Amino acid sequence: MRRRSHRSLLIALAVLLAITVVLVLRQKAPPEAARLLPESDAIVYIHLKTVRTATHFDTTPVVRSPDYQRFVDATGIVPERDLDAVAFALHRMPDPKGPNGPVAYSEVFEGRFDGMKLARYLASIASAKETYAGHDIYTIPVEGRNLRVAQVGYDTIAASNMPTAEQIHSMLDRHRASALWTPGSSLLAARYSEVPLLSQAWAIGHIGLPFAENGKISLLGLELPLNEDTDLVASLRYSGSVHLRIEEIAPTEDAARHTVETMTTLLSILRGIQSAQPAETPGAQAMRTLIDSVEVKHDKDRAVLTASATTDEVKALTSAANAPPTSSVDATPAPVRASKH
């Protein structure tokens, strides 16, 4: 009887140890949505469920385009309510002025979907359908490019607008191989360990690609002292306030030092511009507080920028960005002309 008790205890301990190992691996491993992504130049991940809980952005009225509304009506999916996590892979295109533009995207969406409704909707707008690894892949023409979409699981959708099906096939292969035990793409394996713990949103790689122009990164009309090939690790973390951290991985210490010096100069200019803004300008005080919180530091071959803002300040900035532009032009409506039939 005593030996049987010892054996039962050992089995229980072994099971407990196995569960602990799995939980630790899951905690330290990148999110599954990111692990499913194919090889790429950059990765962006947002845990929308946490952001939604913190900001209640799903309660904000959304103005939908007719196509967007048709999608919602046909599938029952309300993205701001039903999506829990999204991951994007950015692919640089060899010909920036070609038919596929400078950047293509592969995407993974996790949330709550009605698979039957979604499949019927995709089939109704698809120009072609392929079956791969037991999954239907729908090809949908969107703005001169082909978007391939597949339901990976009951709560997961994959998509890619790359010219070939290689990327969507790769995502289905990763899912079939049980992505928990694989590090994902080479970029994810190399850089995810540098993402700060408990970040609700993060990005790694050449994340300046969508903002690149003439080989430089431009943001809000301002050219930053960074090449489009610059490796960056950016993150957003919420803990009462929103904390932003962007880390440049420079090729040399001198390059990192130059970035810090240039960014410090740009911040001084921005602070001067903001101090001249009228206090009643929408979002002016929130923007001033945000810019004042920015710090830039040099650490060997790294240049690190940090900033923080309260949720109220973030809401004020968002409202100001979405506000209709004001104009001093006479707002008297033009006479209505009868249409010709």
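A nonpolar core, as I use the term today, is a set of buried Ala, Val, Leu, Ile, Met, Phe, Trp, Tyr and Cys residues joined through side-chain atoms within 4.5 Å. Keep that in mind. One caveat before we start: this is a predicted model.

Overview. The protein has 341 residues, and 37% of them count as buried. Its secondary structure comes to 11 helices and 15 strands. Now the contacts. Take those with a separation of 6 or more: residues 24 or more positions apart account for 60% of them.

On to the core. In soluble globular proteins, nonpolar side chains tend to be buried together. Here, the largest nonpolar core has 26 residues. Which of them have the most contacts inside it? They are Leu37, Ile43, Ile168, Leu188, Trp202 and Ile204. Several elements give two or more residues to this core. On the helix side, those are helix 2 (32-35), helix 7 (166-176) and helix 8 (186-191). On the strand side, they are strand 1 (42-46), strand 2 (83-92), strand 6 (145-153) and strand 8 (201-205). Apart from this core lies another one, of 14 residues. Ile77, Phe113, Leu122 and Ile157 are among its members.

Let's zoom in on Ile204. What is Ile204 in contact with, once neighbours within four places in sequence are set aside? Ala42 and Ile43 are on the list. So are Leu187, Leu188, Arg191, Tyr192 and Val195. Leu232 and Val233 complete it.

Next, Asp41. This residue sits in the loop between helix 2 and strand 1. Asp41 is partly exposed, at 24% relative accessible area; the buried class needs under 20%. Gly205 is 164 residues away along the chain, yet the C-alpha atoms of Asp41 and Gly205 are separated by 5.9 Å. Gly205 is also one of the contacts of Asp41 beyond four places in sequence. The others are Leu90, His91, Arg92, Leu187, His206 and Leu209.

Now a helix pair. Two packed helices are described by the angle between their axes and the distance between the axes. Helix 9 covers residues 253-275, and helix 10 covers residues 284-293. They pack at an angle of about 155°, with their axes 10 Å apart. Angles over 145 degrees count as roughly antiparallel, so helix 9 and helix 10 are roughly antiparallel to each other. Their crossing is left-handed. Who meets whom? Helix 9 brings Leu267, Leu270, Arg271, Gln274 and Ser275. Helix 10 brings Ala284, Met287, Arg288, Ile291 and Asp292. By class, this contact has 5 nonpolar, 2 polar and 3 charged residues.

Last stop: backbone angles. Most residues other than glycine have a negative phi. We have two cases to look at. Ala133 is not a glycine, but has a positive phi of about 50°. Its place is the loop between strand 4 and strand 5 (135-142). Glu143 has a phi near 50°, again a positive value in a residue other than glycine. Glu143 lies in the loop between strand 5 and strand 6.

How do they sit with respect to solvent accessibility? Ala133 is partly exposed, with a relative accessible area of 31%. Glu143 is exposed, at 79%.

Finally, Thr131, in strand 4 (residues 128-132). Buried or exposed? Thr131 has 55% relative accessibility and the cut-off is over 50%, so Thr131 counts as exposed. Ala150 is 19 residues from Thr131 along the chain, and their C-alpha atoms are separated by 9.5 Å.

That's my tour. Over to you.

Technical notes
Residues numbered from 1 in each chain as written. Predicted model: local features only at pLDDT ≥ 70, side-chain atom pairs only at ≥ 80, totals over all residues. Heavy atoms only, no water. Buried < 20%, exposed > 50% of the residue type's maximum accessible area, 1.4 Å probe, protein only. Helix = DSSP H or I, 4+ residues; strand = E, 2+ residues; numbered from the N terminus. Contact = heavy atoms within 4.5 Å. Axes fitted to C-alpha atoms, helices over the stretch in contact; angles between N-to-C directions. Parallel < 35°, antiparallel > 145°, perpendicular 65-115°, else oblique. Left-handed = near helix turned anticlockwise from the far one by under 90°. Nonpolar A, V, L, I, M, F, W, Y, C, P; charged D, E, K, R; others polar.
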